[in-house]
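Subject: A structure for you to look at

Hello,

I am passing a structure on to you, as you have not worked with it before. Please open it alongside this email and follow along as you read.

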Amino acid sequence: MAQKIKLSTIAESLGLSTATISLALRDSPLVAADTREKIKEQARALGYIYNRRAASLRTSRSGIIGVVVHDIMNPFYGEILKAIESELDRSRQTFILSNHYDSVEKQRTFVETLLQLGGDGVIMSPAIGTPLEDLRLAEENGMPAILVARSMEGVELPTYRGDDSYGISLATNHLIGLGHRTIAMIGGTDQTSTGRDRYQGYVNALRKAGIEVDPNLRIPGPRSMQGGFEAAVHFLSLPQKPTAAVCWNDLVAIGLMNGVARAGLVPGQDISVTGYDDLEQASIATPALTTVWNGQAEVGRLAARALLDRLVGSHEPDGIHLIKPEMRIRQSTGICKPRT
């Protein structure tokens with residue numbers, strides 16, 4: 001086997017001290033930029049691999065952050081993760097990603113593995129049914145935790161997410177302002193704080209406008225484009241004949257519009273549809289989707305920054321930190337046309 005390259009090997013080849021080599025490979029500003037680059041080039045040429053485990057023994061920090069979310073295939077989480085990665089990159093932190101798919105066991109295994117690796121911290125969008133003990137597992141073992149997108153009752157950890165109740169009320173009020181009175185809500189689940197808050201925002205807006213809340217106009221469950229497409233049959237067969245739909249997210253809304261179009265109706269004209277999150281797909285959908293910007297990038301950035309601050313001993317207060325959503329009006333909503 002080839003001999004393992006050590007810092008001393010690089011130092012001898014360049015006539016520098018091992019301390020200088022170590023600082024340069026950690027991008028320390030104490031070493032001039034051109035010298036750092038020369039040292040890195042020599043390290044690459046010699047085949048040197050940075051030993052993160054040994055470094056963690058010296059500094060009590062591994063430089064590893066864990067991030068666990070529901071499903072990276074959902075662009076909502078993709079936008080949060082992109083912002084987290086960008087913020088961590090600035091501090092030369094590496095993150096390890098896991099999808100829990102709402103499996104508490106899978107999430108727990110990831111946290112335990114992260115602890116075994118000496119992870120510095122974890123950012124979580126907690127799985128449905130996450131027990132408080134699982135969050136304490138991280139905190140009590142010296143690994144700070146930050147929550148994103150979903151909050152948990154009885155948890156005082158810093159939590160970053162959009163103000164879902166307010167955001168859905170914006171969408172519902174927009175439809176009411178266009179004359180709609182029979183408005184369905186499609187998607188989501190009461191098992192998450194997000195689902196409960198979004199439904200409550202819908203209910204609050206209807207009641208404030210003097211519109212009776214009909215529980216039969218709620219179609220819970222769908223959270224994907226396929227789910228929204230399949231829900232179109234149920235939506236169009238409702239005896240109340242809704243003229244509009246407030247959707248759980250943009251994916252559900254785009255799927256619903258496709259289902260409505262497949263049935264021979266025109267989204268934005270015959271049926272008004274609003275989404276939620278303002279994903280990239282929203283503005284290029286046909287028709288362009290009226291939706292609510294939910295600040296995913298800001299959520300990711302603030303969560304990563306909060307974790308980094310905790311690692312150096314200062315942090316934002318515990319509790320929920322809400323991003324205020326904003327309405328994005330496009331072509332998928334219009335003046336109410338009663339269905340016959």
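Below is what I found, going from the inside of the protein to its surface and then to some details of the backbone.

Please keep in mind that this is a predicted model.

**The nonpolar cores**

A good place to begin is the largest nonpolar core, which has 39 residues. The members that touch the most others are Ile183, Ile186, Tyr202, Phe235, Cys247, Leu256 and Val273. Several elements each supply at least two residues of this core: helix 8 (164-177), strand 6 (183-186), helix 9 (193-208), helix 10 (225-237), strand 8 (244-247) and helix 11 (250-262). Helix 11 gives the largest share, with 6 residues. There is also a second, separate core, made up of 24 residues, and Phe76, Leu88, Leu279 and Leu308 are among them. As background, nonpolar side chains in soluble globular proteins tend to be buried together.

If you would like one residue to centre your view on, try cysteine 247. Setting aside residues up to four places away in sequence, cysteine 247 touches Ile168, Ile186, Val252, Ala253, Leu256, Val273, Thr274, Gly275 and Tyr276.

**Strand 2 and what surrounds it**

Next, have a look at strand 2, which covers residues 94-99. Leucine 97 belongs to this strand and is partly exposed, its relative accessible area being 35%. Together with Ile72 and Met73, Leu97 forms a nonpolar patch on the surface, and the three have about 290 Å² of accessible area together.

Asparagine 99 is in strand 2 too. Is asparagine 99 buried or exposed? With a relative accessible area of 13%, asparagine 99 counts as buried, because buried means under 20%. A polar atom of its side chain lies 2.8 Å from the backbone nitrogen of isoleucine 72, and a polar contact of 3.4 Å links the side chains of asparagine 99 and tyrosine 101. Apart from neighbours within four places in sequence, asparagine 99 is in contact with Val69, His70, Asp71, Ile72 and Lys106.

**Threonine 192**

Threonine 192 sits in the loop between strand 6 and helix 9. This threonine 192 is buried, at 5% relative accessibility. A polar atom of the threonine 192 side chain lies 3.0 Å from the backbone nitrogen of glycine 195. Which residues does threonine 192 contact, leaving aside its neighbours within four places in sequence? They are Ile128, Arg150 and Trp248.

**Backbone details**

Before the last few residues, some general background: most residues other than glycine have a negative phi, and most peptide bonds are trans.

Aspartate 102, although not a glycine, has a positive phi of about 65 degrees. You will find aspartate 102 in the loop between strand 2 and helix 6 (104-116), where aspartate 102 counts as buried at 18% relative accessibility.

Lysine 241 is not a glycine either, and has a positive phi of about 50 degrees. Lysine 241 is in the loop between helix 10 and strand 8, and at 35% relative accessibility lysine 241 is partly exposed.

Finally, threonine 286 and proline 287 are joined by a cis peptide bond, with omega at about -5 degrees. Proline 287 is in the loop between helix 12 (280-284) and strand 10 (291-293).

Enjoy exploring, and do write back with any questions.

Best wishes

Definitions and conventions. Residues numbered from 1 in each chain as written. Predicted model: local features only at pLDDT ≥ 70, side-chain atom pairs only at ≥ 80, totals over all residues. Heavy atoms only, no water. Patch = residues over 30% accessible without salt bridge, like charges linked within 9 Å, V, L, I, M, F, W, Y side chains within 5 Å. Areas by Shrake-Rupley, 256 points an atom, 1.4 Å probe, with all protein chains shown as cover. Salt bridge = Lys/Arg side-chain N within 4 Å of Asp/Glu carboxyl O. Helix = DSSP H or I, 4+ residues; strand = E, 2+ residues; numbered from the N terminus. Buried < 20%, exposed > 50% of the residue type's maximum accessible area, 1.4 Å probe, protein only. Core = buried A, V, L, I, M, F, W, Y, C linked by side-chain atoms within 4.5 Å. Contact = heavy atoms within 4.5 Å. Polar contact = N/O pair within 3.5 Å; in protein donor to acceptor, adjacent residues only side chain to side chain.
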